[in-house]
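Colleague: I should be grateful for a close look at a single part of this model, namely the metal site. Please describe how it is built and what surrounds it in the chain.

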Amino acid sequence: MLPVQCAMCRSDKIIPTATIHEMEKRYERLMVTVYTNPKAVFAKGGVDTWVTCAICGECGHIMLYAEDPQALWQAYQAQQKG
Ligand SMILES: [Zn+2]
């Protein structure tokens, strides 16, 4: 769910389609990962999802979102049971 208002300045000038990346890697998007078994040497069971970036067109505040938070939450729950 993307924001309709800036969390910092309350402006509604939100740019929801920005991509955050390294300078030389314009076409490589960022991902976030939660490991179901982070202490394992192998088979850590990483669950990945893309990072979506929204920027305030007024103050420049950057808001980052995981595209599939439910998958990350499930991985985190599995991590707590391990
Ligand atoms: Zn703002």
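**The zinc site**

Modeller: The arrangement around the zinc ion is tetrahedral, because its four donor atoms subtend angles of 106 to 112°. As a general reference, the ideal angle for four tetrahedral donors is 109.5 degrees. Please bear in mind that this is a predicted model.

The protein donors are the SG atoms of Cys6, Cys9, Cys56 and Cys59, which lie 2.3 Å from the zinc ion. Along the chain, these donors follow the spacing C-x2-C-x46-C-x2-C.

Two of the donor residues may be described further in terms of accessibility. Cys6 has a relative accessibility of 0% and therefore counts as buried, the limit being under 20%. Cys9, at 33% relative accessibility, counts as partly exposed, since that class lies between the buried limit of 20% and the exposed limit of 50%.

The backbone also deserves attention. Arg10 is not a glycine, yet it has a positive phi of about 70°. This residue is found in the segment before strand S1 (14–18). With a relative accessible area of 54%, Arg10 is exposed.

A positive phi is also found at Ala43, where the value is about 50° although the residue is not a glycine. Ala43 is located in the loop between strand S2 (31–35) and strand S3 (46–56). Its relative accessible area is 69%, so Ala43 is exposed.

Key: Residues numbered from 1 in each chain as written. Predicted model: local features only at pLDDT ≥ 70, side-chain atom pairs only at ≥ 80, totals over all residues. Heavy atoms only, no water. Donors = N, O, S within 2.8 Å, 3.2 Å for Na, K, Ca; no water. Tetrahedral: all angles 85-135°; square planar, octahedral: opposite > 155°, others 65-115°. Buried < 20%, exposed > 50% of the residue type's maximum accessible area, 1.4 Å probe, protein only. Helix = DSSP H or I, 4+ residues; strand = E, 2+ residues; numbered from the N terminus.
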